Amino acid sequence: MPRRCQVRGTKPGFGNNVSHSQRHTKRRWNPNIQKKRYWAPSLGRRLTLTVTPKAIKEIDHRGIDVVVAEMLAQGEKI
């Protein structure tokens, strides 16, 4: 499963580790992905989403039904 937020689309960032001797080796910064269950009244069922903490705050602020409607409009599989 890819390390990707279903709501915001956050993906890993890539860059370099730089040692004291200035050697560059590749590394990646993974997003803080959490599995969270929500009740969606519009769908009449529970959803399990993989989301970042920022997406959890967005869902709390805007509401699960609005966010789910946008996800479905973008073609996200739920």
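## Exercises on a predicted model

**Exercise 1.** Locate isoleucine 78 relative to helix H2, and determine its exposure class from its relative accessibility.

*Solution.* Begin with the position: in this predicted model, isoleucine 78 lies in the segment that follows helix H2, which covers residues 64-73. Next, take the relative accessibility of isoleucine 78, which is 31%. Since partly exposed is the class between under 20% (buried) and over 50% (exposed), isoleucine 78 counts as partly exposed because its value is 31%. Finally, turn to the surface, where isoleucine 78 joins Leu43 and Leu72 in making a nonpolar patch of about 230 Å².

**Exercise 2.** Classify glutamate 76 as buried or exposed, and identify the partner of its side chain in a polar contact.

*Solution.* Glutamate 76 is also placed in the segment after H2. Its relative accessibility is 18%, so glutamate 76 counts as buried, the limit for that class being under 20%. Leaving out residues up to four places away in sequence, glutamate 76 touches Arg4, Gln6 and Met71. With arginine 4, the contact is polar and runs from side chain to side chain at 3.2 Å.

**Exercise 3.** Describe how strands E3 and E4 pair, and find the residue with a positive phi in their hairpin.

*Solution.* Strand E3 spans residues 34-40 and strand E4 spans residues 45-51, and the two pair in the antiparallel sense over seven bridges. To follow one bridge, start from lysine 35, whose partner in E4 is threonine 50. Then pass to the hairpin, where four residues separate the strands and glycine 44 adopts a positive phi near 75 degrees.

Notes
Residues are numbered from 1 along each chain as its sequence is written. This is a predicted model: local features need pLDDT of at least 70, side-chain atom pairs count only at pLDDT 80 or more; totals for chains, interfaces and linings use all residues. Side-chain values use heavy atoms; hydrogens and water are left out. Two strands pair if DSSP finds at least two bridges between them. Patches are made of residues with over 30% relative accessible area and no salt bridge: like charges are joined within 9 Å, nonpolar side chains (Val, Leu, Ile, Met, Phe, Trp, Tyr) within 5 Å. Accessible areas come from the Shrake-Rupley method with a 1.4 Å probe; for residues, only the protein chains shown count as cover. A salt bridge is a side-chain nitrogen of Lys or Arg within 4 Å of a carboxyl oxygen of Asp or Glu. Buried means under 20% relative accessible area, exposed over 50%, partly exposed in between (1.4 Å probe, protein chains only). A polar contact is a pair of N or O atoms within 3.5 Å; within protein, one must be able to donate a hydrogen and the other to accept it, and residues adjacent in sequence count only if both atoms are side-chain atoms. Contact means heavy atoms within 4.5 Å.
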